[in-house]
Amino acid sequence: ILDEIAGGGGTLLAGPLLPGHWAANEALLPPQNMPDEARSLLAQTGLRDSDQDGWLDDNGDRFNLSIRLNGLDKVHQRLGWLVSSYYRDLGLFARAESVPPDSVIDDLFTHDFTLAIFRWPILPDPDQRLYWHSTENEEGLGLNFTSYDNPELDRLLEAGVSVAGCQPQERGEIYGQVQEILAQDRPVDFILAPHKQLLVNDRLAGPTPGPFAPFTWNVVQWYLQDGSD
């Protein structure tokens, strides 16, 4: 996936936090590709290739999958092509549909999509109620685009922001459980975090890039060093 999508420059994700984050559950690993098990699960849902045309159907009708993606995002385009090929290998007729960015955003907020490729920022604090809490699924407002609803996860998310003194160890244990549940339920598939390359003139001193802040977060500390020319 990394070679095809990001030219090797990225990190595969097992959950909603980056590896190395202070609250990341390091025991989680990206899921394995198990096509035989996938075909078995699809058969259990009743999908069959009843007309022997190579595609699974539902009560005689071909089961179609549309993958909506931002047509201006090269990473999303490559990911859409790759994901659709994986689905097709399973007998699912999947198509990657490149549309304008605003169209994808509208589909997400109105919950009007079958599959969609999108990205969101991973912030320094592990509180992600905006993405996963059941109260954040209101069309047009919430960021819980898949309308994921898990009472146990709601409880843990609320507990994570109620720890006395915001003790990192206790919060980390809570968010470790959150990540385990999300990795099991998979309301979305966590795929990868592309790496970014930043080029800075060697005369510029002070930039301290990191994974959780804008490149210019400490711009007031930047300065130009005297150059030989």
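Tutor: Let's start with the rule for a charged patch: its residues have over 30% relative accessible area and no salt bridge, and like charges are joined within 9 Å. Keep in mind that this is a predicted model.

Student: Okay, which residues form the negative surface patch?

Tutor: Asp 102, Asp 106, Asp 112, Glu 138 and Glu 139 form it.

Student: What makes that patch negative?

Tutor: Asp and Glu count as negative, and the patch is formed by Asp 102, Asp 106 and Asp 112 together with Glu 138 and Glu 139.

Student: Take one of them. Where does Glu 138 sit, and why is it called partly exposed?

Tutor: Glu 138 is in the loop between α5 (129-132) and α6 (151-160). Its relative accessible area is 48%, and partly exposed covers the range between 20% and 50%, so Glu 138 gets that label.

Student: There's a nonpolar patch too. Which residues make it?

Tutor: Ile 1, Leu 12 and Tyr 86 do, over about 260 Å². Ile 1 lies in the segment before α1 (2-6). At 42% relative accessibility, Ile 1 is over the 30% that a patch needs, but not over the 50% for exposed, so it counts as partly exposed.

Student: On to salt bridges. How do you know that Arg 39 and Asp 36 form one?

Tutor: The closest N and O atoms are 3.4 Å apart. The cut-off is 4 Å, so the pair qualifies. Arg 39 and Asp 36 both belong to helix α2 (residues 35-44), 3 residues apart, about one turn of the helix.

Student: Why do Arg 39 and Asp 36 get their exposure labels?

Tutor: Set each value against the cut-off of 50% for exposed: Asp 36 has 56%, so it is exposed. Arg 39 has 37%, which lies between 20% and 50%, so it is partly exposed.

Student: What about Glu 152 and Arg 155: what makes their contact a salt bridge?

Tutor: Their side chains meet at 2.7 Å, N to O, and that is within 4 Å, so the rule is met. Both lie in helix α6, 3 residues apart, about one turn of the helix. With 35% for Glu 152 and 44% for Arg 155, each counts as partly exposed.

Student: And how do you know that Arg 186 and Asp 189 are paired?

Tutor: The same kind of check: the closest N and O atoms are 2.8 Å apart, within the 4 Å limit, so this is a salt bridge. Salt bridges that share partners also join Arg 68, Glu 97 and Asp 107 into one network.

Student: How many salt bridges does the whole structure have?

Tutor: A search finds 8.

Student: Now the inside. Which residues of the largest nonpolar core touch the most other members?

Tutor: Of its 21 residues, those are Trp 132, Tyr 148, Leu 153, Val 178, Leu 182 and Phe 190. Helices α5, α6 and α7 (168-185) each supply at least two residues of this core, and α7 gives the largest share, 5 residues. In soluble globular proteins, nonpolar side chains tend to be buried together.

Student: Last one: is Pro 187 buried or exposed, and where is it?

Tutor: Pro 187 is in the loop between α7 and β7 (192-194). Its relative accessibility is 17%, under the 20% cut-off, so Pro 187 counts as buried. Its C-alpha atom is separated by 23 Å from that of Val 99, 88 residues apart along the chain.

Technical notes
Residues are numbered from 1 along each chain as its sequence is written. This is a predicted model: local features need pLDDT of at least 70, side-chain atom pairs count only at pLDDT 80 or more; totals for chains, interfaces and linings use all residues. Side-chain values use heavy atoms; hydrogens and water are left out. Patches are made of residues with over 30% relative accessible area and no salt bridge: like charges are joined within 9 Å, nonpolar side chains (Val, Leu, Ile, Met, Phe, Trp, Tyr) within 5 Å. Accessible areas come from the Shrake-Rupley method with a 1.4 Å probe; for residues, only the protein chains shown count as cover. The place of a charge is taken as NZ of Lys, CZ of Arg, CG of Asp or CD of Glu. Helices (H or I, at least four residues) and strands (E, at least two) are DSSP runs, numbered from the N terminus. Buried means under 20% relative accessible area, exposed over 50%, partly exposed in between (1.4 Å probe, protein chains only). A nonpolar core is a set of buried Ala, Val, Leu, Ile, Met, Phe, Trp, Tyr and Cys residues joined through side-chain atoms within 4.5 Å.
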